[in-house]
Amino acid sequence: MHTLCAFANGQGGRVLLGVKPGGELIGQQVSEQTLHDIATARERFEPPLDLHIQSVEIASGRSVLVLTVGGISDSVPYTFDGRAYERVGNTTRKMAQERYELLLLERAHSRRRWENQEADEVPLQELDREEVLRIVEAARSAGRLVGPVGRGLPELLDRLGVRHKGRLLRAAVVLFGKTFLPHHPQCELRMARFRGTDKTEFLDQRNLRGPAFRLLEEAELFCQRHFPLAGRIEPGRLQRVDRPLIPPDAMRELLVNAFIHRDYSIAGGAVALAIFDDRVEIWSAGRYPMGITPESLTRPHLSVQRNPIIAEVFYRAGLIEKWGRGTNRVAEMCRAAGLSCPEFAEVTGAVVVTLRVSVGQTLAADRGELPHTDLGELEADWGEFPSDRGELAPEPGGADG
């Protein structure tokens with residue numbers, strides 16, 4: 001039962017009764033008392049554990065009992081007789097108190113998340129109807145929003161799942177908001193191009209607040225502005241063959257992940273894009289969701305969503321799938337482009353993805369065409385993005401660095 005508790009607190013697993021330590025199936029007699037004892041022990045799990053019991057007969061009167069539990073559940077952490085257990089390698093041990101308390105916080109978050117709380121301080125007119133229509137049209141084009149949709153803003157928000165019982169959710173502000181201060185400062189994107197390999201000198205810097213899809217587009221434009229575009233002439237072709245520094249689809253996947261998996265409950269958090277001469281880093285506030293580790297992201301893994309409402313709208317817009325394949329596809333695209341796989345890490349409470357690429361010099365910056373800027377909050381009508389009209393300006397009163 002300790003081992004089943006440990007499996008339930010991890011990736012799930014099976015315990016077999018009737019197997020020798022060396023692996024030989026010998027079975028055992030399974031009586032009503034045996035099943036009664038298991039049922040009695042099962043009642044000592046808290047919260048109640050979904051335990052599947054299967055009896056496999058291997059010889060006359062002898063069977064192997066297979067006890068199976070799932071993993072990555074909203075009910076984690078489980079305890080048995082008041083203690084939580086975990087697996088380390090091939091052993092079961094008592095879970096450390098610090099780890100147990102962290103999992104309790106994760107469980108509370110999974111049921112009462114920041115994104116699914118009502119945004120009572122935001123009136124309906126503070127959402128950008130044109131941005132909502134744009135995403136609805138993208139969802140219809142992707143075939144992920146079928147049937148009558150309507151044109152009224154409340155109906156559109158209901159269809160996208162960002163309004164509940166007539167009340168706006170915080171997810172609606174992240175995706176379609178126009179004003180973010182003072183209540184939602186975390187809807188922020190920080191971008192910088194540094195000279196060299198450290199943060200000593202800026203070549204270009206931008207701090208923006210806006211709805212998530214627009215911030216994603218701004219991040220992609222910043223990459224286009226600062227990534228060199230290698231090209232070559234191939235025999236028999238008149239046109240040059242361009243090769244991006246990083247496959248655009250891979251870069252977009254990583255940026256999307258940063259927006260949909262970050263911890264929005266951290267008011268001072270943001271998504272950050274840092275470009276150095278020798279690497280590109282993407283930072284997002286918050287730790288990895290429960291059940292996900294940096295090592296697991298380049299191997300087959302389940303899709304664990306910290307913000308399922310926000311992720312659902314990105315899915316409908318055709319920007320993500322739901323099979324936990326995103327980071328695996330990024331690794332495949334990088335390898336196909338002759339790049340090393342992205343490095344995933346957790347640093348001081350933030351998720352960091354590092355791409356080791358030779359960015360080199362940004363020629364426009366070296367010609368003095370990219371002024372050092374620190375742009376303030378973009379709290380405008382998002383129907384036409386201000387940066388597209390050249391209207392971005394430093395925040396009144398100077399920059400905050």
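For sorting a cavity lining by class, Ala, Val, Leu, Ile, Met, Phe, Trp, Tyr, Cys and Pro count as nonpolar, Asp, Glu, Lys and Arg as charged, and the others, Gly among them, as polar. With that in hand, here's a quick tour of this predicted model: its cavities, its nonpolar cores and one buried arginine, R214.

**Cavities**
- The structure has two cavities of 30 Å³ or more.
- The second largest comes in at a volume of about 40 Å³.
- Its lining splits into seven nonpolar, two polar and two charged residues.
- Among the residues around this second largest cavity are V174, C187, P211, L215, F259 and Y264, along with E188 and R262.

**Nonpolar cores**
- The largest nonpolar core counts 75 residues, and the members touching the most others are V162, F176, M251, L273, V280 and F314.
- Helix α8 (residues 248-261) supplies the largest share of this core, with eight residues.
- Domain 2 (116-176) and domain 3 (188-356) each put at least three residues into this core.
- Leaving aside residues up to four places away in sequence, V162 touches L157, L168, L169, A171, A172, L175, F176, I309 and V313.
- There's also a second, separate core of 21 residues, including F7, I38, L65 and A84.

**R214**
- You'll find R214 in helix α7 (residues 212-226).
- R214 has a relative accessible area of 8%, so it counts as buried, the cut-off being under 20%.
- R214 and E131 sit 83 residues apart in sequence, with 9.0 Å between them in space, C-alpha to C-alpha.

Key:
Residues numbered from 1 in each chain as written. Predicted model: local features only at pLDDT ≥ 70, side-chain atom pairs only at ≥ 80, totals over all residues. Heavy atoms only, no water. Core = buried A, V, L, I, M, F, W, Y, C linked by side-chain atoms within 4.5 Å. Buried < 20%, exposed > 50% of the residue type's maximum accessible area, 1.4 Å probe, protein only. Helix = DSSP H or I, 4+ residues; strand = E, 2+ residues; numbered from the N terminus. Domains from an automatic or database assignment. Contact = heavy atoms within 4.5 Å. 1 Å grid on protein atoms, 1.4 Å probe; cavity = no way out; pocket = protein on both sides within 12 Å on 5 of 7 lines; lining within 4 Å. Points joined across faces, edges and corners; volume = space filled by probe spheres on them.
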